Amino acid sequence: MASDAMDKIASLCKRRGFVFQSSEVYGGINACWDYGPAGVELKRNVKELWWQELTQLRDDIEGLDSAILMHPRVWHASGHVEGFTDPMVDCRVCKARFRADQLEDAVCPKTKKPVLPECAPNLTEPRAFNLMFKTFMGPVEEDSSVVYLRPETAQGIYVNFQNVLSPSRQKIPFGIAQIGKAFRNEISPGNFIFRSREFEQMEMQFFVPPGDALTWFEYWRDQRMAWYEGIGISPTHLRFHEHGPAELAHYAKQAVDIEYEFPFGWKELEGIHNRTDFDLRRHMEHSGKDLSYFDQEANQHYVPYIIETSAGADRTVLTVLVEAYAEEPERVVLRFHPKVAPVKAGIFPLVKRDGMPDRAAAIAADLRKHFRVFYDEKGAVGRRYRRQDELGTPYCITVDSQTLADDTVTVRERDSMAQARVPSEGLLAYFRERLG
Ligand code: GAP
């Protein structure tokens, strides 16, 4: 994909109401994004498909929605206060800051040229920079009232392990899934919504007997890869990246990333980690509470190992946008998989007379009980098609003079632009078969 692809996608996202820069009227705030009408539907579909796959379609995973603000001791126990850092360097000349481990990709904000090799002599020695945002709880701003905005949703799951276990009557192996906001004071955010300071994670922690950890790690690695293919990402744009010892996070014994080929290179989309019993043991030590498990079948106590699948909702949205974006001689089109498309069908009267708007509005009213549709009667029909193409709407229905004679409509398919005549009473069945 051309190097200006990200600019084009960001501009389409603004034009069609997917994503806007946060606080734009004040000049924007760096690395924070707002989702507009189309974007919020797209992101909801991504999250819903993840939730459906991991909770609704299984009986061994429970859901959770834990608080963003947690007891500060959670983050001491988890190792984040001490170790959730990135190495940072400053430029002595232009005062810009960069991640020391990402200098190859860094661009000087002043000269717009690559930082290496030119700026190398001007850079300071790397120093550790903690990525957690801090704030204060209560009216007094002092050390004892510091709380953190969570940098991952996972810890909310670990500290609730026993709370979920008893009422759900689950037995190990089982998992807990959560979707929620996370915050990181990234040194070098960028690439549109790829790396931001406020983002959403879709995380699942699967608790297993220590001896079964490797088997479950491999199982989840494959399941997660299949999920991306199922939402329309081509396998040729996906790959695994196994972490070497130097890359492993402080909590992980084994880790593999699912990477996607973005216009700016192969980058992490999701991490699958064997976190061993690290987190539960640390919370046991710091809280003094027993978080071990009694396995009745094996008649033994143990602290479960955790296999984590950690995906970014915003990064998945970017992935489906990049995957879908296509430029054709006559149009720009988002070829979304119908499952993620924000709107499933555009519904138009060909002209605003002869009862066509009423008939089209009635069809829209019927179909919107089942999925999201968009009724549009303004402008030339070709222009209405193009607008829906840029929104990634898989089908458009047009009510024309033939509809008034035989109650059939024209259904136009987005990718092939092929048109078919479909009886209006058969539309729901027609779409059920095609929308997946
Ligand atoms: N609980 C483990 C964990 O948080 P991670 O690899 O740091 O692991 C998991 O993050 C996923 O969260 C990433 O693969 C990515 O999709 C998403 N993510 C992480 N930092 C992000 C950021 N600054 N902006 C957007 N998404 C981010």
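Which strands each supply at least two residues of the shell around the ligand? I began my notebook with this question, working from a predicted model. I found that strand 10, strand 13 and strand 16 each do so.

**Entry 1: the shell around the ligand**

I looked up how the shell is made up. Strand 13 gives the largest share, with 5 residues. I then sorted the shell by class and noted 10 charged residues, 6 polar residues and 6 nonpolar residues. Of the 22 residues around the ligand, those that come nearest are E152, R184, S196, E203 and E268.

**Entry 2: polar contacts with the ligand**

I next looked up individual distances. The side chain of E203 has an N or O atom 2.5 Å from a nitrogen atom of the ligand. For E268, I recorded 2.6 Å between a polar side-chain atom and an oxygen atom of the ligand. For R275, a polar side-chain atom lies 3.4 Å from a nitrogen atom of the ligand. I also noted how far the ligand is covered: on its own it has 560 Å² of accessible area, and the protein covers 93% of this.

**Entry 3: the pairing of the strands**

I turned to how the three strands are arranged. Strand 10, residues 198-208, pairs with strand 16 in the antiparallel sense, over 8 bridges. Within strand 16, A311 is the bridge partner of M202. Strand 13, residues 265-274, also pairs with strand 16 in the antiparallel sense, here over 5 bridges. In this case I found S310 of strand 16 opposite G271.

**Entry 4: strand 16**

Is strand 16 largely enclosed or largely open? I checked its residues, 305-312, and 8 of the 8 are buried, so the strand is largely enclosed by the rest of the structure. I then looked at the two faces separately. On one side Y305, I307, T309 and A311 are buried, and on the other side I306, E308, S310 and G312 are buried, so that both faces are covered.

**Entry 5: S22**

Lastly, I looked up a residue in a loop. S22 sits in the loop between strand 1 (19-21) and strand 2 (33-35). Is S22 buried or exposed? Its relative accessible area is 12%, and the cut-off for buried is under 20%, so S22 counts as buried. I also listed its contacts, leaving aside neighbours within four places in sequence: S22 is in contact with G28, I29, C32, W33 and D34.

How values were computed. Residues are numbered from 1 along each chain as its sequence is written. This is a predicted model: local features need pLDDT of at least 70, side-chain atom pairs count only at pLDDT 80 or more; totals for chains, interfaces and linings use all residues. Side-chain values use heavy atoms; hydrogens and water are left out. Buried means under 20% relative accessible area, exposed over 50%, partly exposed in between (1.4 Å probe, protein chains only). Helices (H or I, at least four residues) and strands (E, at least two) are DSSP runs, numbered from the N terminus. Two strands pair if DSSP finds at least two bridges between them. A residue is near a molecule or strand if one of its heavy atoms lies within 4 Å of it. A polar contact is a pair of N or O atoms within 3.5 Å; within protein, one must be able to donate a hydrogen and the other to accept it, and residues adjacent in sequence count only if both atoms are side-chain atoms. Accessible areas come from the Shrake-Rupley method with a 1.4 Å probe; for residues, only the protein chains shown count as cover. Ala, Val, Leu, Ile, Met, Phe, Trp, Tyr, Cys and Pro count as nonpolar, Asp, Glu, Lys and Arg as charged, and the others, Gly among them, as polar. Contact means heavy atoms within 4.5 Å.
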